[in-house]
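Me: I've just opened a structure that's new to me. Please walk me through it.

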Amino acid sequence: MTRVQEKSFSGHASVSLVTGAAGFLGSHLVDRLLSKGHQVVGIDNLSTGNPENLKNALSDKKKFHFIQADVTLNPELPELKYDYIWHLASPASPVDYRRLSIETLLVNSAGTKNILDIALRHKAKFLLASTSEVYGDPLVHPQKEDYWGNVNPIGERACYDESKRFAEALTTEYRRRFGLDARIIRIFNTYGPRMRIQDGRVIPNFISQALRGEPLTVYGNGNQTRSFVYIDNEVEGIMRAMFYENTDGEVINIGNPQEYTILEVARIVAQLCRVELNIIYESLPSDDPTRRSPDLSKARALLGWKPSIPFEIGLTKTIDYFVQRKLKDQVSKK
Ligand SMILES: NC(=O)c1ccc[n+]([C@@H]2O[C@H](COP(=O)([O-])OP(=O)(O)OC[C@H]3O[C@@H](n4cnc5c(N)ncnc54)[C@H](O)[C@@H]3O)[C@@H](O)[C@H]2O)c1
């Protein structure tokens with residue numbers, strides 16, 4: 001496991017292109033790259049992102065440039081020599097990708113092709129943000145990168161799962177046929193500040209319901225498990241996957257193997273929000289996986305990476321963020 005010197009351009013800072021820059025993960029990545037001295041160009045069509053996530057970055061006018069554009073439409077970029085290309089653009093929550101199903105299929109197929117072509121032209125290092133959803137409703141636990149998955153190609157989640165699988169295949173072919181320096185990371189459930197309250201995923205759902213004093217909605221009997229990685233850990237894993245040696249051609253899980261049942265998550269959130277635990281049960285959405293958890297041996301061996309931030313600590317920071325947002329929204333409504 002070796003950390004490599006980052007490429008620099010004509011004596012200038014390294015130049016990164018981040019797609020999906022205004023999203024939850026993309027904006028944290030942009031902040032980290034800027035703090036490392038990178039010059040960053042961010043692209044986002046704001047379909048699920050929020051420019052407010054880029055407030056810090058936008059204040060650094062010398063180092064950060066934002067383009068509001070759709071990557072499926074081959075956007076024009078500032079004339080720079082890009083060293084690193086991070087392809088994160090795609091709706092990510094089930095609520096978003098069901099609403100934007102065709103757009104999701106297109107951003108992960110045509111959009112990925114456009115960004116791969118840019119990476120080839122610039123001889124840049126490329127990273128695809130894929131997902132644990134490529135494993136579908138897995139039949140083996142925990143999931144290793146060589147597991148092929150159990151995916152319904154015409155189910156409600158197929159627009160996301162199958163287009164990410166296509167994006168992985170396309171990235172692999174660009175490397176095989178054209179020698180592109182490319183790696184794929186499979187991100188497992190990530191949480192933290194800048195998630196949207198209406199994002200539909202379990203953590204923002206529970207926190208917003210608890211803060212409003214409402215019962216927490218549990219789908220199914222609540223015994224299905226999930227694992228969660230805090231955003232700062234996730235971004236560190238993503239950065240190592242790009243910057244460490246021997247990651248070209250690799251597919252790497254980045255997540256947290258510690259599993260919680262949904263009922264346990266509800267109990268912890270209620271406790272941290274200091275509210276009594278009340279639950280309402282609703283039926284389970286179709287193709288909802290009952291269990292998913294990453295095998296991290298590869299991330300450990302290649303990147304020396306594992307998650308370190310305890311769930312309660314990450315949740316407390318996330319709850320603080322939602323409290324701040326709620327106060328801000330209340331002030332702006334006055
Ligand atoms: N958050 C997670 O737990 C998680 C888990 C697995 C994989 N991922 C992957 O990580 C990436 C980022 O996810 P996120 O949670 O930050 O989601 P997000 O919705 O917050 O961010 C995605 C961003 O992509 C932008 N976008 C969507 N389509 C676009 C297009 N056609 N052109 C330009 N921009 C476009 C959106 O506006 C948004 O800002 C996604 O590729 C997602 O599949 C995330």
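Me: Let's start with two helices. How do α6 and α8 lie to each other?
Reply: α6 and α8 are oblique to each other, because their angle falls outside the classes roughly parallel (under 35 degrees), roughly antiparallel (over 145) and roughly perpendicular (65 to 115). Before we go on, this is a predicted model, where local features need pLDDT of at least 70 and side-chain atom pairs need 80 or more, while totals for chains, interfaces and linings use all residues. Residues are numbered from 1 along each chain as its sequence is written, and side-chain values use heavy atoms, leaving out hydrogens and water.

Me: OK, what's the angle between α6 and α8, and how far apart are their axes?
Reply: α6 (residues 202-211) and α8 (residues 262-272) pack at about 40 degrees, with axes 10 Å apart. Helices here are DSSP runs of H or I with at least four residues, strands are E runs with at least two, and both are numbered from the N terminus. Axes are lines fitted to C-alpha atoms, for helices over the stretch in contact, and angles between N-to-C directions run from 0 to 180 degrees.

Me: Which residues make that contact?
Reply: V202, F206, I207 and A210 do it from α6, meeting I262, V265, A266 and V269 of α8 (contact means heavy atoms within 4.5 Å).

Me: And what kinds of residues are in the contact of α6 with α8?
Reply: Eight are nonpolar, with no polar and no charged ones. Nonpolar means Ala, Val, Leu, Ile, Met, Phe, Trp, Tyr, Cys and Pro, charged means Asp, Glu, Lys and Arg, and the others, Gly among them, are polar.

Me: Next pair. At what angle do α1 and α7 pack?
Reply: About 65 degrees for α1 (residues 24-35) and α7 (residues 231-243), with the axes 10 Å apart. That makes α1 roughly perpendicular to α7. The contact takes in F24, L25 and H28, among others, on α1, and on α7 residues including I231, D232 and E234. By class, the contact of α1 with α7 has nine nonpolar, one polar and four charged residues.

Me: What about α4 and α5? How close do their axes come?
Reply: Within 8 Å, crossing at roughly 15 degrees. That makes α4 roughly parallel to α5. Their contact splits into ten nonpolar, seven polar and three charged residues.

Me: Switching topic: which residues come nearest to the ligand?
Reply: D44, T48, D70, Y160 and K164, out of 29 residues around the ligand (a heavy atom within 4 Å counts as near).

Me: Where are the polar contacts with the ligand?
Reply: One is at D70, where a polar side-chain atom lies 2.8 Å from a ligand nitrogen. A polar contact here is a pair of N or O atoms within 3.5 Å. G49 has a polar backbone atom 3.0 Å from a ligand oxygen, and a backbone N or O atom of S90 is 3.4 Å from an oxygen of the ligand.

Me: Which peptide bond is cis?
Reply: The one from H141 to P142, with omega near -15 degrees. P142 is in the loop between β5 (125-131) and α5 (158-178). Most peptide bonds are trans, and most residues other than glycine have a negative phi.

Me: Which residue has a positive phi without being a glycine?
Reply: K123, at about 50 degrees. K123 is found in the loop between α4 (101-122) and β5.

Technical notes: A polar contact is a pair of N or O atoms within 3.5 Å; within protein, one must be able to donate a hydrogen and the other to accept it, and residues adjacent in sequence count only if both atoms are side-chain atoms.
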